Amino acid sequence: MPDHHHNPLLDDSPLPAFADIRAEHVLPAIEQALAQARATLAAVLGASAAPSWATLVEPMEALGERLDRVWSPVRHLHAVLDSPALREAYGACLPLLSAFHTELAQNKALYAAYRSFAASPAYDALDAPRRRVVDNALRDFRLGGVALAGAQRERYAAIQTRLSDLASRFSNNVLDATQAWSLTVADEAALAGVPESALAAARQRASAAGERGLRLTLDLPCYLPVMAHADDPALRQRLYEAYVTRASDLGPDAGRFDNGPLLEEILALRQEKAELLGFANYACYSLQRKMARSTDEVLEFLRNLAARSHAVAQAELDELGRFVNQEHGIDTLAAWDLAYYSEKLERRRFDISQEDLRPYFPVQRVIRGMFDIVERLFAIRIRDRANVATWHRDVSFHEITDADGTMLGALYLDPFARSGKRGGAWMDVCRTRMRRSGELQTPVAYLSCNFTPPVGERPAIITHDEVSTLFHEFGHGLHHLLTQVDIPSIAGIAGVEWDAVELPSQFLENWCYEPEALALISAHHETGAALPASLLERLRAARNFQCGMQMLRQVEFALFDFRLHIEYRPGLDVLALLEDVRDEVAVLRPPEFNRFPHAFSHIFAGGYGAGYYSYKWAEVLSSDAYSRFEESGVFDRAAGADFRREILARGGGRGALACFVAFRGREPAIAALLRHSGIEPPLEANAA
Ligand code: ZN
């Protein structure tokens, strides 16, 4: 496409022109943006004056922001509205971007300029967040291989390019494997036990595919209700086998999307990269951008959690075993029985199921209620704005202002599952807060979920688990949107230590269990009735159902990830290591054909390599932060204002530990997490 054609990705508009972006715009836009970035870099390096904030750091920050402005909508569309053409264009850009980032990270002249600036009096005169920008840059140069020369340097660059390609292929395989499998059932009787909401969605999927009957898939909104409710064990087994062998050498699509060789290569390259940079292993390398100080500290943290949770988890499993034995005459629980009988047991004990709650959570009510909650908590205003161009008719757009009307930021909300959209839920950055030629650019976020869409005339209604997911992602969103830092590399979630990033997200989840907050987010979709008090009580009582088993499951994943990146040697048997981790911490053993690592995108295709422990690490922070609200009231204005000012507004401008201490008045402690997880008794019980 000739250069003079208009390319919406290169527009300097406040929001991406989603209505106009086409796959053919992607490569030319990235090529042009990269050329521009290289020209800026040359100008910065060519400047004759001694490097200063204005001549060095500012233009480099702007360069990064400019590039991400172009790339962010592409990355986003690839995730939410993928097509073969877009995937190809996206894939074509990855090596170009990766090469440029390596070039930047390894630029000796640029590194020298930062070092010389850091050694000058001008650096000492900077405020703390600005000094942090420079310190982070120096750290990233070192981690980016700036000290490497000759063949090592080339090898490092090749590893980076290859790793970024492997990550992309890994997640494509998971997506493709998930979508390749489906099962159409002609007779509804085969799905006995499955709730009506899931049946309706399955009918709708079948008719969309031009089939009769009901179509089952491996997407979570379909998979989870079938596993928890379908009475037919053979059907559950069939889905389970397909699900846990996705993208592997086994199962119905054995070998077709196999991530086995990819994950081996990723591990080998990560180890090689860490060694090139002078680290013993990739876990040590990964900790350079984290709050945890050493691999031992992380291992000890995880093993401590496992030890403290083990007895509770074992008791839960024993209880489940007794229950199925006494009530259903079953001696051994198969892997595909767990969710099903756990649901039955939960219903017995608490007389509650996710499906009972669903009618009370129409998605639009939940979203508005969630906005009301954070308006009260953080003294902000959120209003809907129509007529903003988006990528899909389901997407809404919302603006956030301060109590005095000052614009703070905006978000796109894309709630529903559809084909071509990656699974799960996440927040991503569209625009970051910064000053651009004197003008303040406010941040914009994308919030993406995979809720079951409305069926026919009925509005979309979601489970309480899904409500919790929405709150989680919105917590990330607020961290990005309520930042008061206007330097891109430390604004919002940027520059925040990886193992502290989940603080605001897990923090916000707590509100979906608070009666006062539930009143704002729930209303029966037909009658408008509030969530009945009895149901609310049962929901709260059931919150910690099987919490020990859940804790151990997360610790198992985290310990597996972390040990994998410490102990990796060529020829390491990944599945054997996972078994070893289970020997150490698990109370449950999945069947041998389970290929969990092959779809573990968090660590192989996301940013969580040697960092999955971050969820639990940050949960110590989020639980302890929330305990202040338990003490002073869940809508306590002072606590809300402090959280906004000391944590959300600071972004990566100050270390996570310092932010926490400023908010809580002391260092974090693990007690609140153990209490909230039901591992240790609640405060009331302590007092009694
Ligand atoms: Zn998160």
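These are my notebook entries on the whole chain, its zinc site and one valine in a predicted model.

**Entry 1: the whole chain**

I began with the secondary structure, and I found that the protein chain holds 28 helices and nine strands. I then looked up the radius of gyration, which is 25 Å and close to the 26 Å that the globule rule gives for 688 residues, so the chain is as compact as a globular protein of that length. For the extent along the principal axes, I noted that the C-alpha trace spans about 80 × 55 × 55 Å.

I also wanted to know what share of the 688 residues is buried. Buried residues make up 55% of them. As for the contacts with a separation of 6 or more, 72% come from residues 24 or more positions apart. The surface that the protein chain exposes is about 28,000 Å², and carbon and sulfur atoms supply 51% of this area.

**Entry 2: the zinc site**

Next I asked myself which residues coordinate the zinc ion. I found His 472 and His 476, each through NE2, together with Glu 502, which is listed twice through OE, and the distances run from 2.1 to 2.8 Å. Along the sequence, these donor residues follow the spacing H-x3-H-x25-E.

I looked at where the two histidines sit, and both are in helix H17, which covers residues 464-481. Because His 472 and His 476 are four residues apart in this helix, about one helical turn separates them. I checked their accessibility as well: His 472 has a relative accessibility of 10% and so counts as buried, and His 476, at 8%, counts as buried too.

What is the geometry of the site? The angles among the four donor atoms range from 51 to 139°, and the site is irregular. To follow the reasoning I needed the cut-off, which is that four donors count as tetrahedral if all angles lie between 85 and 135 degrees.

**Entry 3: Val 374**

Finally I turned to Val 374, which lies in helix H16, residues 363-378. Is this residue buried or exposed? With a relative accessible area of 1%, Val 374 is buried, since buried means under 20%.

I listed what Val 374 touches, leaving aside residues up to four places away in sequence, and I wrote down Ala 379, Ile 380, Ile 382, Phe 474, Leu 478 and Leu 508. I also compared its position with that of Glu 272, which is 102 residues away along the chain, and the C-alpha atoms of the two are separated by 45 Å.

Conventions
Residues are numbered from 1 along each chain as its sequence is written. This is a predicted model: local features need pLDDT of at least 70, side-chain atom pairs count only at pLDDT 80 or more; totals for chains, interfaces and linings use all residues. Side-chain values use heavy atoms; hydrogens and water are left out. Donors are N, O and S atoms within 2.8 Å of the metal (3.2 Å for Na, K and Ca); water is not among the atoms, so sites may look incomplete. Four donors count as tetrahedral if all angles lie between 85 and 135 degrees; four count as square planar and six as octahedral if opposite donors are over 155 degrees apart and all others between 65 and 115; anything else is irregular. Buried means under 20% relative accessible area, exposed over 50%, partly exposed in between (1.4 Å probe, protein chains only). Contact means heavy atoms within 4.5 Å. The radius of gyration is taken over C-alpha atoms; the globule rule is 2.2 Å times the number of residues to the power 0.38. Accessible areas come from the Shrake-Rupley method with a 1.4 Å probe; for residues, only the protein chains shown count as cover.
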